[in-house]
Structure formats: C-alpha cells, structure tokens
Amino acid sequence: MDKVFKALSDPTRRKILHLLRDSDLSAGDIADHFAVSKPTISGHLSVLKEAGLIDMERHGNILMYRLKLSVLEEAMIPFMEFFSSEKVPALKRSKK
C-alpha cells in the first residue's frame, strides 16, 4: 500500500494515470505530454509499475502501458473509508 501512495504522491505520475484512463499508450506517446526527458518519464513509469498501478506489454520495439484500475480502486477504498462514517461498497471485479 505504501508503494501505491508513494506513486500517487507525484503530480506527473497522477497525470500519467489520467492519460491511461482512456486508452493504452506507448512510452513515447506518454512522454509527448510532458516537458521532461524520456528517461525521467521512464523512471515515473517504473514507479507506477512497481506499485502495481500499470502493466507494460512489449510489441516489438514499442512498450505499451495499461492502467490497472483494480489496484487503484483497492488502494482507495480503505483510504475513503478512513474519512467516511459509511462503508464503501465492494467493487465488482472485471473479468480480465
């Protein structure tokens, strides 16, 4: 859980997750949205992958990244329950 919150603490990594909400993206496509070097973006992607928030799949020379929403949801439920007096309903698992 600590790795998830560490990953979410950085605004660049949150923006990467936001970009991946709509579709899978290559590392280059992700890097095009930022005014930092590709190695810096690669470091952010590594932190997100280590936290289990994204998956990476190689297609030849292209690395494609995908959001793992279930991990993010699981991390946020206890956090939301901590600040709420009501129990957060369980999430339906997608078949993947």
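This report describes the fold of a predicted model, from the whole chain down to single residues.

## The chain as a whole

The chain holds 5 helices and 3 strands. From the N terminus on, these elements run α-α-β-α-α-β-β-α. Of the 96 residues, 29% count as buried.

How much of the contact in this chain links residues far apart in sequence? Take the contacts with a separation of 6 or more. Residues 24 or more positions apart account for 49% of them.

## The sheet

The 3 strands form an open sheet. Their order is β1-β3-β2, and the pairing is antiparallel. Strands β1 (25-26) and β2 stand at the edges. Each has a single partner strand, so one side of each is left without a neighbour in the sheet.

How many bridges join β2 to β3? There are 6, and the two strands run antiparallel. One residue pair to look for is Ile54 and its bridge partner in β3, Leu67. Helix α2 packs on the sheet and touches β1, β2 and β3. The direction of α2 makes about 90 degrees with that of β3.

## The nonpolar core

The largest nonpolar core has 19 residues. Which of them touch the most other members? They are Leu20, Ile30 and Leu53.

Several elements each supply at least two residues of this core: α1 (2-8), α2 (11-22), α3 (27-31), α4 (38-50) and β3 (62-67). The largest share comes from α2, with 4 residues.

## Helix α4

Start with the length of α4. The helix has 13 residues. At 1.5 Å a residue, they should span 18 Å. The expected span counts one less than the number of residues, because it is defined as 1.5 Å times that figure. The end C-alpha atoms of α4 are 18 Å apart, which agrees.

Now look at which way α4 faces. Its buried residues are Ile41, His44, Leu45 and Leu48. They cover an arc of only 100 degrees around the axis, so they lie on the same side of α4. On the other side, Pro39 and Glu50 are exposed.

What covers the buried residues of α4? The cover includes α1, α2, α3, β2 (54-59) and β3. Just after the helix comes Gly52, which takes a positive phi of about 80 degrees.

## Two buried residues of α4

Leu48 is found in helix α4. Is Leu48 buried or exposed? Its relative accessibility is 0%, so Leu48 counts as buried. Set aside the neighbours within four places in sequence, and Leu48 is in contact with Ala7, Arg13, Ile16, Leu17, Leu53 and Ile54. Take Arg13 as an example. Leu48 and Arg13 are 35 residues apart in sequence, but 7.2 Å apart in space, C-alpha to C-alpha.

His44 also has its place in helix α4. Why does His44 count as buried? Its relative accessible area is 12%, and buried means under 20%. Not counting residues up to four places away in sequence, His44 touches Asp10, Thr12, Arg13 and Ile16. Arg13 and Ile16 are thus contacts of Leu48 and of His44.

Conventions: Residues numbered from 1 in each chain as written. Predicted model: local features only at pLDDT ≥ 70, side-chain atom pairs only at ≥ 80, totals over all residues. Heavy atoms only, no water. Core = buried A, V, L, I, M, F, W, Y, C linked by side-chain atoms within 4.5 Å. Buried < 20%, exposed > 50% of the residue type's maximum accessible area, 1.4 Å probe, protein only. Arc of directions from axis to C-beta. Contact = heavy atoms within 4.5 Å. Pairing = 2+ DSSP bridges. Axes fitted to C-alpha atoms, helices over the stretch in contact; angles between N-to-C directions.
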